[in-house]
Amino acid sequence: ELVKLHAYDAVELPPIDPETGRPKINPKTGKERRPIAKGKAPFESNWTKKPADNADALAYAKANPKANLGIRLTRRLLVVDVDPRNFENGVDSLALLSADAGYDFSDHYPRQVTGSGGLHLFFKKPVDLGFAGAVAAYPGLEFKTAGTQVVGAGSIHPETRKPYTFEVDPFGDMQGGIEGLPDLSSGTFSTFRNLIAKGNATGAP
């Protein structure tokens with residue numbers, strides 16, 4: 001399911017303080033607010049509730065050459081979103097997860113290479129299987145499903161201006177589409193399921 005995103009170079013300008021003529025101060029940081037890149041954000045505020053319309057999304061992208069497109073995730077999908085920029089203390093969180101789970105995620109397919117050098121790893125799962133969105137032991141990794149989206153192949157990263165690409169396309173090139181994805185309910189991923197269980201969520205009591 002495709003989602004309309006903003007143009008890759010779209011930005012939201014900070015509010016201006018009428019007294020100083022400068023950007024307003026962020027009370028959390030004590031610094032001036034900065035422009036916010038919008039290239040990975042949905043174009044429509046109701047995108048999670050709006051029925052999927054791939055033809056409309058593709059027409060939007062065709063009419064707006066700079067527009068990005070996202071992939072809306074369903075309850076049957078899990079995406080491991082890997083951002084090496086957020087690894088901590090020189091530790092490769094994906095390699096650590098691979099060692100802990102007994103599965104080589106660096107060799108997982110299908111996957112998408114992001115414009116910032118990260119990865120999106122695609123799995124199918126039972127609709128009632130829940131998990132943490134993030135686990136403190138693995139900084140730089142997010143575990144995404146329904147209610148979220150990931151930037152899709154062909155889009156351009158708003159900071160690096162590099163494209164997102166599929167090394168293997170789970171929605172086109174793989175026979176069976178979603179049914180052809182690695183199955184999170186299989187015994188291969190039993191340890192992985194335990195590692196990302198909701199009780200292990202970052203900030204969980």
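**Reading burial, contacts and fold in a predicted chain**

User: At 11% relative accessibility, does Ser98 count as buried or exposed?

Analyst: The reading starts from a cut-off: a residue is buried when its relative accessible area is under 20%. Ser98 has a relative accessibility of 11%, so Ser98 counts as buried. Please bear in mind throughout that this is a predicted model.

User: Where does Ser98 lie, and with which residues is Ser98 in contact beyond its neighbours within four places in sequence?

Analyst: Ser98 belongs to helix H2, which covers residues 93-101. Once the neighbours within four places in sequence are set aside, the contacts of Ser98 are Tyr103, Asp104, Phe105 and Ser106.

User: Ala95 is also found in helix H2. Is Ala95 buried, partly exposed or exposed?

Analyst: Values between the limits of 20% and 50% are read as partly exposed. Ala95 has a relative accessibility of 43%, so Ala95 is classed as partly exposed. A distance can be added to this picture: Ala95 and Thr160 are 65 residues apart along the chain, and 24 Å separates their C-alpha atoms.

User: How should sequence separation be read against separation in space, and what are the two values for Pro158 and Ser116?

Analyst: The two quantities are best quoted side by side for each pair. Pro158 and Ser116 stand 42 residues apart in sequence, with 9.3 Å between their C-alpha atoms. For Ala137 and Ser93, 44 residues apart along the chain, the C-alpha separation is 7.9 Å. For Asn89 and Thr20, 69 residues apart along the chain, the C-alpha separation is 40 Å.

User: What surrounds Pro158, and where is its place in the chain?

Analyst: Pro158 is placed in the loop between E11 and strand E12 (165-166). With a relative accessible area of 11%, Pro158 is nevertheless a buried residue. Apart from neighbours within four places in sequence, Pro158 has contacts with Tyr8, Ala37, Gly39 and Lys40.

User: Ala137 also has its place in a loop. Between which strands does that loop run, and how accessible is Ala137?

Analyst: The loop that holds Ala137 runs between strand E9 (119-124) and E10. The relative accessible area of Ala137 is 44%, so this residue is partly exposed.

User: How is the environment of Thr145 to be read, and which backbone oxygen does its side chain reach?

Analyst: One begins with the position, then takes polar pairs, then contacts. Thr145 sits in the loop between strand E10 (141-144) and strand E11 (149-151). Its side chain comes to 3.1 Å from the backbone oxygen of Thr74. Thr74 is also one of the residues in contact with Thr145 when neighbours within four places are left aside; the others are Leu73, Arg75, Leu77, Lys125 and Phe131.

User: Which peptide bond is cis, and which residues other than glycine have a positive phi?

Analyst: Backbone geometry is read from torsion angles. The bond from Tyr109 to Pro110 is cis, its omega being near 0°. Pro110 is part of the loop between H2 and strand E8 (111-113). As for phi, Asn89 has a positive value near 55°, and Arg161 has a positive value near 60°.

User: Where are Asn89 and Arg161 found, and how accessible are Asn89 and Arg161?

Analyst: Asn89 occupies the loop between strand E7 (77-82) and H2, and at a relative accessible area of 78% Asn89 is exposed. Arg161 lies in the loop between E11 and E12, and at 45% Arg161 is partly exposed.

User: Turning to the whole chain, how many helices and strands are there, and how compact is the chain?

Analyst: The secondary structure comprises three helices and 12 strands. The radius of gyration is 19 Å, close to the 17 Å given by the globule rule for 205 residues, so the chain is as compact as a globular protein of that length. Along the principal axes, the C-alpha atoms occupy a box of roughly 60 × 40 × 30 Å.

User: What share of the residues is buried, and what share of the contacts joins residues 24 or more positions apart?

Analyst: Buried residues make up 36% of the 205 in the chain. Among contacts with a separation of 6 or more, 72% come from residues 24 or more positions apart.

User: How is the accessible surface composed, and how are the charged side chains arranged?

Analyst: The accessible surface amounts to about 11300 Å², and carbon and sulfur atoms hold 51% of that area. There are 25 positive and 24 negative side chains, and 5 Å separates the centres of the two sets.

Note on methods. Residues are numbered from 1 along each chain as its sequence is written. This is a predicted model: local features need pLDDT of at least 70, side-chain atom pairs count only at pLDDT 80 or more; totals for chains, interfaces and linings use all residues. Side-chain values use heavy atoms; hydrogens and water are left out. Helices (H or I, at least four residues) and strands (E, at least two) are DSSP runs, numbered from the N terminus. A polar contact is a pair of N or O atoms within 3.5 Å; within protein, one must be able to donate a hydrogen and the other to accept it, and residues adjacent in sequence count only if both atoms are side-chain atoms. Contact means heavy atoms within 4.5 Å. The radius of gyration is taken over C-alpha atoms; the globule rule is 2.2 Å times the number of residues to the power 0.38. Buried means under 20% relative accessible area, exposed over 50%, partly exposed in between (1.4 Å probe, protein chains only). Accessible areas come from the Shrake-Rupley method with a 1.4 Å probe; for residues, only the protein chains shown count as cover. Lys and Arg count as positive and Asp and Glu as negative; His and the chain ends are not counted. The place of a charge is taken as NZ of Lys, CZ of Arg, CG of Asp or CD of Glu.
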